[in-house]
Each structure stands twice: as structure tokens, then as C-alpha cells.
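Me: Please take a close look at one part of this model, the strand sheet and what packs against it. I would like a connected account with the cut-offs stated.

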Amino acid sequence: MSFGRVVSVGLTTLLVLALASGAAGMLLDNTFEVRVSVVVEAPVAAIDPFVASPRQHVAWLGWNDDVDPTLRHTYEGPEVGRRARVHWTGEGFGRGSLLITDSTAAGVEWEQHLPAGVESQGQVRYEVLTPERTRVTWTERGTIPRPHGPYFVDTLERVMVPQSERALAFLAAAAEGRPPPARETETSAPAP
């Protein structure tokens, strides 16, 4: 077999595999969901200001200049609650936005647009355990674009769990008025 024929067969095989992979990706589930919780030694009134205001998210989500010095935020709408919005851009975090869609005594809900076409809806719910103790549960659901996104759902969920747990540890520290845990060097964008 000539070299040209080997190259032709190789390229044809790669094309068929790419088409088959793309077709399969159109049929696979492209949704993800992550849920984590923490008990905070503080009342809801001490926790909610950090969650209901996108301007306060830097205190616990890890979206700050220490992680990505190129990160820039712009804010729209009210400072706190429904319709509060943040847009961000940075070399490490890419470009995205978060819009708070609901904010009540029970918790906060939002929609996010993330890099690479990832869309998500998140919520933080408060469960009062005692007047000074609250269980905070964060749930993030979303989709990764097809055709190749479905292949990365499991990886995304595995990455999001520890990042979400770390964010809730920072939220607990902020609400409890204590120093945050030591921050590890992060190389990837956190979950919202």
C-alpha cells in the first residue's frame, strides 16, 4: 500500500470516528447537577447578604484577583436580590454572567452563562436548625453544549463538588466572622 493510500485511509477513519462521536454526543445526556451543604454557625441574616449580592460573591466563591489578576467585574441592577447581575471577564475565568432570579428568606436562585456555552441554574437554600445555626445547601444544575459536551459531564461534576465545598467553607467563615480557610492555588474556574 502506498504512503498516499495509508494517509487517505487514516484521514477517512478519523473523519468517520469524529462524525460517529458527534452523532453519539447528540444522543447522550448533557445535563449536570451538583449539590453540597454545610452547617453554618450563624443565623440566615448573617449568611444571606453574601449570597443575595453578587458584589459579595468574591468573599466566598473564589472569583477574585488572588485567583485571576486579570478578572474584571461589572454590576447591573440592584445591589442585592432579584435582578442583581454581575458580568465577568478574565484570562482564567473567561467571560460569563450571573443573574439573581429570586431572593427570599428561604434562599437565593440565579441563572448563569459560563464560558464555552455552559448554562446553569443555581440555588442556595437555608434551613434554620437553631436561631444561631443554619444548614446551607447549594445546588447547581445545567447543560454542556452538544455534541461533545456530554462526554465531559462526569468530569465537570467531579471538579465542581470540591470547588463548591470550598466555596461553602468560605461562606461559612464570612458569615461567622472568622478568617477564611487557607486558599489553595486554583488553576481552573470555580463553579458558581
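Reply: The account below goes from the sheet to one of its strands, then to the helices, the core and two loop residues.

This is a predicted model, in which local features need pLDDT of at least 70 and side-chain atom pairs count only at pLDDT 80 or more, while totals for chains, interfaces and linings use all residues. Residues are numbered from 1 along each chain as its sequence is written, and side-chain values use heavy atoms, with hydrogens and water left out.

Helices (H or I, at least four residues) and strands (E, at least two) are DSSP runs, numbered from the N terminus. Two strands are said to pair if DSSP finds at least two bridges between them. On these terms, seven strands make up an open sheet in the order β1-β7-β6-β5-β4-β3-β2, with antiparallel pairing. Its edge strands are β1 and β2, each of which pairs on one side only. From one strand to the next the twist averages 15°; axes here are lines fitted to C-alpha atoms, for helices over the stretch in contact, and angles run from 0 to 180 degrees between N-to-C directions.

Strand β3 merits a closer view. Five bridges join β3 to the antiparallel strand β2 (residues 72-76), and Thr74 has His87 of β3 as its bridge partner. On the other pairing, β3 and β4 are antiparallel over six bridges, with Ser97 in β4 as the bridge partner of His87. A hairpin of three residues connects β3 to β4. The side chains of β3 alternate: Val86, Trp88 and Gly90 point to one face and are buried, whereas Arg85, His87 and Thr89 point to the other and are not. Buried means under 20% relative accessible area, exposed over 50%, and partly exposed in between (1.4 Å probe, protein chains only). In a regular strand the side chains alternate between the two faces of the sheet.

Elsewhere in the sheet, β5 and β6 pair in the antiparallel sense over seven bridges, and Val108 stands opposite Val124 in β6. Helix α2 packs on the sheet, touching β1, β4, β5, β6 and β7, and its direction makes about 170° with that of β6. Contact means heavy atoms within 4.5 Å. The buried residues of α2 are Val44, Ile47, Asp48, Phe50, Val51 and Ala52, and their cover includes α3 as well as β1, β4, β5, β6 and β7. Helix α3, in turn, lies across β1 and β7, running at about 25° to β1.

A nonpolar core is a set of buried Ala, Val, Leu, Ile, Met, Phe, Trp, Tyr and Cys residues joined through side-chain atoms within 4.5 Å. The largest such core has 37 residues, of which Ile47, Val51, Trp60, Tyr126, Val136, Trp138 and Leu171 touch the most other members. Among the elements that each supply at least two residues are α2 (44-52), β3 (85-90) and α3 (153-176); α3 gives the most, with eight residues. Leaving aside neighbours within four places in sequence, Trp60 is in contact with Phe50, Val51, Trp138, Ala167, Leu168, Phe170 and Leu171.

Two loop residues complete the picture. Arg83, in the loop between β2 and β3, has a positive phi near 80° and is exposed at 53% relative accessible area. Ala116, in the loop between β5 and β6, has a positive phi near 65° and is exposed at 71% relative accessibility. Most residues other than glycine have a negative phi.
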